[in-house]
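Visitor: I'd like to see how the labels on a model like this one are earned. Could you take me through the reasoning?

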Amino acid sequence: MAIFSISIAKEFSDTPAGRFKSDGPFSGEVFREKLLHPALVAHEEVEVNLDGALGYGSSFLEEAFGGLVREHGMTNEELRRKLHVKTSRRFYDERIWSYIKDAQVAEQEIGRAHV
């Protein structure tokens, strides 16, 4: 089975920035809604290549990847199976997975608060 690939720099923007749509057309929310989440729904495995962009702010990465948990109900376990992060800068990979984990912990806390 082939892994579906997304290159942020080539298919989205080489200058991604911001958290929300209101922050501009290349925000984390726009990336998640237009490319990332649809790809994860349509394919068993998705590789996101971060190389080629000028850089990534924490707001972009947190919204794009942590938002998969908050906005779409995906779990850390599900994303570990489906999502592959490709980057020559290892700290981006570590940050993405920490944002996903933190979002899941926060969602679990919210769930416990409503029980």
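Guide: Happily! This is a predicted model, and a good place to begin is Glu62, which forms a salt bridge with Arg19.

Visitor: What makes the pair of Glu62 and Arg19 a salt bridge?

Guide: The closest N and O atoms of Glu62 and Arg19 are 2.6 Å apart. The cut-off for a side-chain nitrogen of Arg and a carboxyl oxygen of Glu is within 4 Å, so the pair qualifies as a salt bridge. Glu62 lies in helix H3 and Arg19 in the loop between helix H1 (8-11) and H2, so the pair ties together parts that are 43 residues apart in sequence.

Visitor: How many salt bridges does a search of the whole structure find?

Guide: The search finds seven salt bridges.

Visitor: Why are H2 and H3 called oblique to each other?

Guide: Helix H2 (residues 28-42) and helix H3 (residues 58-72) pack at an angle of about 55 degrees, and their axes are 9 Å apart. Roughly parallel needs an angle under 35 degrees, and roughly perpendicular needs 65 to 115. An angle of about 55 degrees fits neither range, and the two helices are therefore oblique. Their crossing is right-handed.

Visitor: Which residues of H2 and H3 meet?

Guide: On the H2 side they include Phe31, Leu36 and Leu40, and on the H3 side Phe60, Phe65 and Leu68 are among them. The residues of this contact divide into seven nonpolar, four polar and five charged.

Visitor: How do you know that S2 and S3 pair?

Guide: Pairing asks for at least two bridges. Strand S2 (residues 46-49) and S3 have four, in the parallel sense, so the criterion is met. Val48 has Val85 in S3 as its bridge partner, and Asn49 stands opposite Lys86 in S3. S1 and S2 also pair in the parallel sense over four bridges, with Ser7 bridged to Asn49 in S2.

Visitor: What makes S1 and S3 the edge strands?

Guide: The open sheet of three strands has the order S1-S2-S3. Strand S1 (4-7) and strand S3 (83-86) each pair on one side only. From one strand to the next, the twist averages 20 degrees.

Visitor: How does H2 run relative to S1?

Guide: H2 lies across S1, S2 and S3, running at about 165 degrees to S1. Angles over 145 count as roughly antiparallel, so H2 is roughly antiparallel to S1.

Notes: Residues numbered from 1 in each chain as written. Predicted model: local features only at pLDDT ≥ 70, side-chain atom pairs only at ≥ 80, totals over all residues. Heavy atoms only, no water. Axes fitted to C-alpha atoms, helices over the stretch in contact; angles between N-to-C directions. Contact = heavy atoms within 4.5 Å. Left-handed = near helix turned anticlockwise from the far one by under 90°. Nonpolar A, V, L, I, M, F, W, Y, C, P; charged D, E, K, R; others polar.
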